[in-house]
Amino acid sequence: MVCPGILNSNRLFPDLNMTRENIQFISDGYRSGALGIMYTAWDDSSFHNFISTLYGVAFAAEHSWNATRSIDRFSFEKRYCTMRFGKEEPAFLRTLDELMKFGEIGITYEMNDRIFYERFTPEPGKYLNINKEEVEKARAVLNNVLKAASAIETDRDHPEIRVLLYAVKQHQFIVESREILSHVSNSYEEALWVAGAEKYQARSRLLEAVIQISRLEEPTLWPRNQFTGIWLSENQSYCLTRGLQLYQEKLAQIERVKAVLLETIDTIDRGELPGAIENMGLEVREINSNYFPCWLFCGSFENGEIDETYLAYAGGEAQADPIPGERFTYVGQEYKWTRYLSENGFVMDFNRAWSSVNNGIAYATAVLYAEEETQIEILFGGSGENLLFCNGKEVGRSEKENEFLADKYRWKVTLQPGANRLILKSRQLVHEWKFSFRIDGKVVKSHKQKYYLY
């Protein structure tokens with residue numbers, strides 16, 4: 001059997017560009033004498049809907065029934081729209097094609113759902129990283145998507161149109177939340193600069209920030225309300241509240257920022273100076289590359305030593321090449337490589353996995369693909385004692401760190417063409433056991449724990 005799939009795992013909407021490439025396995029299987037086809041949709045991750053897969057399923061059926069000849073995509077799409085909507089709907093197809101361009105940008109690569117579900121405002125005492133160049137690219141795509149979607153003539157309550165517009169709104173939120181948080185942060189900083197001498201100017205900047213953050217309410221409420229109808233039209237209600245909670249968390253973040261801004265206006269009205277931006281949870285920092293937000297974790301090995309190997313089953317750190325779910329035994333205890341995602345797209349937290357207090361040893365691994373031999377500079381930060389291996393060679397070693405500080409270390413690494421195995425080995429020294437990892441100034445696109453250098 002051949003089993004191509006519609007690429008919807010960990011995605012807000014199926015990546016139809018990859019789906020169309022996957023279709024080749026149907027004719028390949030036919031020529032090789034395969035018994036038949038099982039077309040797959042895995043729905044890994046969070047809150048998918050079946051309707052969004054229908055185009056891909058129909059496209060696969062078209063190829064399955066015509067495995068010996070080439071298929072004219074545009075003829076298929078005309079017939080598809082006629083069957084689904086009762087007429088040709090070019091704006092629907094244009095919207096689909098424009099939406100797929102989000103899959104080519106680092107920030108929304110492969111339409112991944114991670115950036116939609118993660119925090120979009122910093123917590124007090126922390127900061128939000130934004131790659132403004134990537135956001136600008138996403139804004140250009142969004143403008144074209146919104147223009148195409150506005151021209152759709154078919155009834156917008158049609159299930160397939162409704163689901164498409166829902167995905168459009170999700171991507172609109174990704175772009176606008178980053179843009180608006182940058183504006184809010186800048187407005188607060190400007191208010192800080194002038195608060196002592198120009199009270200009313202500072203007040204004006206904060207009022208502007210309140211208006212800006214309030215603009216995010218509609219892009220949150222509309223998809224939240226749509227989610228309820230879409231979910232219940234396909235599924236039982238028992239998991240609905242989990243999906244709605246994701247939107248409630250977004251609304252809570254908006255309300256927190258708004259409350260901070262209004263409290264600061266009150267502070268200025270009393271003749272006092274505003275608090276530092278980092279303490280208010282409004283600090284935004286611009287970065288020139290994205291952090292690696294997904295790794296395979298393994299551990300923790302209690303009371304370990306940094307130079308002792310715990311991967312002897314695989315030949316040690318020099319030869320280990322783990323895959324998700326891989327299991328092994330060490331000193332009578334079973335361990336497993338498990339995928340973990342960052343909660344904020346930035347920091348990886350070992351203690352989310354283990355809550356270790358016993359000076360444990362943990363591993364994190366990812367694969368970085370390069371088209372040619374390339375020298376890169378890794379920006380690493382981590383609490384504890386850390387070792388980084390690339391293709392089995394030690395390429396970086398941190399000091400013993402009692403606190404996490406992003407980008408503290410710069411390690412130069414030469415990548416080979418193709419896959420490069422990264423293995424981070426970390427020894428816990430303090431309860432806050434975290435690390436961050438990115439490549440200085442390089443565009444990196446990701447699929448789960450696999451990263452692609454461009």
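**Strand S16 and its neighbours**

Guide: Welcome! In this predicted model, strand S8 (residues 361–370) runs parallel to S16, and three bridges link the two.

Visitor: What makes S8 and S16 count as paired strands?

Guide: Pairing calls for at least two bridges between strands. S8 and S16 have three bridges, so they count as a pair. Within it, Tyr 369 sits opposite Tyr 452 of S16.

Visitor: How do you know that S15 pairs with S16?

Guide: The cut-off is again at least two bridges. Strand S15 (residues 444–447) is joined to S16 by four bridges, so these two pair as well, in the antiparallel sense. Here Lys 445 is opposite Tyr 452 in S16. Two residues lie between the strands of this hairpin, where Lys 448 has a positive phi near 55 degrees.

Visitor: Why are the side chains of S16 said to alternate?

Guide: In a regular strand, side chains take turns between the two faces of the sheet. Along S16 (residues 450–453), Tyr 451 and Leu 453 point to one face, whereas Lys 450 and Tyr 452 point to the other. Buried means under 20% relative accessible area; Tyr 451 and Leu 453 are buried, while Lys 450 and Tyr 452 are not.

Visitor: And the whole protein, with its 12 helices and 16 strands: why is it called as compact as a globular protein of that length?

Guide: Its radius of gyration is 24 Å, and the globule rule gives 22 Å for 454 residues. The two values are close, so the description fits. Of those 454 residues, 53% count as buried.

Notes:
Residues are numbered from 1 along each chain as its sequence is written. This is a predicted model: local features need pLDDT of at least 70, side-chain atom pairs count only at pLDDT 80 or more; totals for chains, interfaces and linings use all residues. Side-chain values use heavy atoms; hydrogens and water are left out. Buried means under 20% relative accessible area, exposed over 50%, partly exposed in between (1.4 Å probe, protein chains only). The radius of gyration is taken over C-alpha atoms; the globule rule is 2.2 Å times the number of residues to the power 0.38.
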